Amino acid sequence: MISSELKNKVMTAKEAVERFIKPGTHIAFGGFTILRRPMTIAREIVRQGIKDLFVTMNGGTLVEEMLAGAGLIKWLETTYLGLEGGMPVAYAIRQAIESGEIELIEDYSNWSFAQRTLAGRLGLPFMPCLGDIGSDLIEYDTFKKAGLRGKKENGDFIHPGIPPKKYEIIDDPFEGFGLRPRRFLSGEDSCVNKTNAYREGKINSKKYTGKEGVKVALVPPLMPEVCVVRAQRVALDGTVRIEGLIGPDLDQSLCGRILIVECERICPPEELRAVPEHNQIAAHFVHAIVEQPFGAYPSAVPNYYDYDYSWFKNYVKEVNHQPKEKVKEFWEKHVKETRDDWDYLYNRVGIKKLFSLRTDPKYHYNPNLDRFN
Amino acid sequence: MKNLMNYIWLLNACNNSLLEAEILSKQALERYDEFFKEIEGIKGEERDCLKKELENSILYIDEKVKFLQLLSEKLKEVIPLLKEE
């Protein structure tokens with residue numbers, strides 16, 4: 001028996017967006033490239049025309065391309081801006097940056113961004129990483145140039161969601177002890193994060209700190225106001241089950257304040273309790289549950305449906321190198337003019353197309369579809 | 001269709017959960033002869049433990065098969081109703 005208290009989190013995409021997303025909201029979208037993108041909530045944002053969004057994500061770009069095409073992003077903090085092989089540089093985003101509609105764009109590597117979400121999830125002041133050292137990501141800092149980093153005279157941060165520094169590089173207090181391969185020089189050990197710096201004699205440097213030593217980059221926590229993630233199943237109480245690759249989704253879902261979970265199916269709690277170790281997010285972290293079958297379309301949801309390669313091909317054909325008005329027109333016609341996601345999926349995409357993407361239980365994807373090479 | 005999707009995805013979740021059961025039961029069948037040969041040497045307490053273990057397995061398998069069979073039969077009743085108009 002499900003109590004009415006448990007059902008309170010269940011709402012439509014319209015209700016979730018109206019309740020939690022306002023102009024200027026700092027929002028993190030889950031999923032990874034063409035996998036489990038939370039398109040239902042994103043499309044509803046387009047329908048409601050919520051502007052000036054501060055959008056972050058680790059591995060876009062479908063959601064962000066749509067929001068940029070609809071003219072709704074003001075600031076973007078990301079790691080990747082492309083629609084795979086179909087559109088290696090996401091056109092609407094590029095156009096919005098070039099025209100100044102997206103005022104600021106900040107960039108991290110996938111790994112350092114993942115470390116930021118982990119720090120945010122664990123309530124830690126920072127996390128260490130090595131990968132970005134030596135790249136121009138360290139110097140490139142648009143939020144700083146825009147005067148958004150640091151504190152005000154009253155001691156508050158200039159922007160509550162923007163840390164005072166993009167990175168801090170320090171000398172490794174453990175003098176390179178943890179770097180691999182150091183102890184196991186043959187390279188045979190179970191750590192995947194190895195460096196050739198030892199072999200190549202680059203272990204010590206004076207760069208960044210002026211002191212000879214091993215360097216570590218510290219990244220600040222990510223703390224968006226709203227996180228949105230797509231799952232296969234969510235129990236009525238809010239317990240979340242994600243199947244297939246999870247990527248950085250778990251940390252990113254739990255690093256903010258509000259968590260909206262859109263899903264293929266809302267199920268009874270006992271269904272997910274049967275194998276509790278397969279669940280990822282506990283019920284009490286979830287603020288809104290939105291059920292929308294096929295709602296990640298045109299991205300893929302493992303064990304349910306594959307991504308629609310033909311959608312990407314058509315999008316490139318219709319939008320690439322077109323003037324801004326044409327790009328906006330595409331998203332207005334395909335999304336903004338629809339009543340809700342059922343209207344979009346049923347009348348714009350079509351039920352036959354959706355079911356043609358169904359996965360084979362043996363593979364968890366559909367082996368008979370055209371896909372990105 | 002909107003009202004059917006929750007049920008369709010319920011069947012989908014059910015089917016997906018069976019993949020591991022299929023792989024494991026095929027493996028158990030492949031190794032059955034080897035297992036059967038070993039039984040002759042089992043005596044005393046070991047024999048009792050094995051008997052109980054197998055009885056529990058049979059009970060569990062039969063229960064799952066019963067519901068899956070019932071579901072399959074019910075779904076078959078729907079197919080003729082879905083002939084093209």
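This passage describes the nonpolar cores, one helix pair and the chain contact of a predicted model. Residues are numbered from 1 along each chain as its sequence is written, while chains are lettered from A and ligands numbered from 1 in the order in which they are written. Because the model is predicted, local features need pLDDT of at least 70 and side-chain atom pairs count only at pLDDT 80 or more, whereas totals for chains, interfaces and linings use all residues.

The largest nonpolar core (a set of buried Ala, Val, Leu, Ile, Met, Phe, Trp, Tyr and Cys residues joined through C-beta atoms within 7 Å, where buried means that 20 or more other C-beta atoms, placed from the backbone, lie within 10 Å of a residue's own) has 82 residues, and those with the most contacts inside it are L67(A), I260(A) and V261(A). Its largest share, seven residues, is supplied by strand 8 (residues 226-235) of chain A, strands being DSSP runs of E with at least two residues and helices runs of H or I with at least four, numbered from the N terminus. Apart from this core lies another, of 11 residues, including Y108(A) and F113(A).

Helix 2 (residues 13-20) and helix 3 (residues 39-48) of chain A pack at an angle of about 70°, with their axes 9 Å apart, the axes being lines fitted to C-alpha atoms over the stretch in contact and the angles running from 0 to 180 degrees between N-to-C directions. The two helices of chain A are therefore roughly perpendicular to each other, a term that covers 65 to 115 degrees.

Between the chains, the contact (C-beta atoms, placed from the backbone, within 7 Å) takes 11 residues from chain B and 10 residues from chain A.

Terms used:
Contact = placed C-beta atoms within 7 Å. Buried ≥ 20, exposed ≤ 12 C-beta atoms within 10 Å, placed from the backbone. Parallel < 35°, antiparallel > 145°, perpendicular 65-115°, else oblique.
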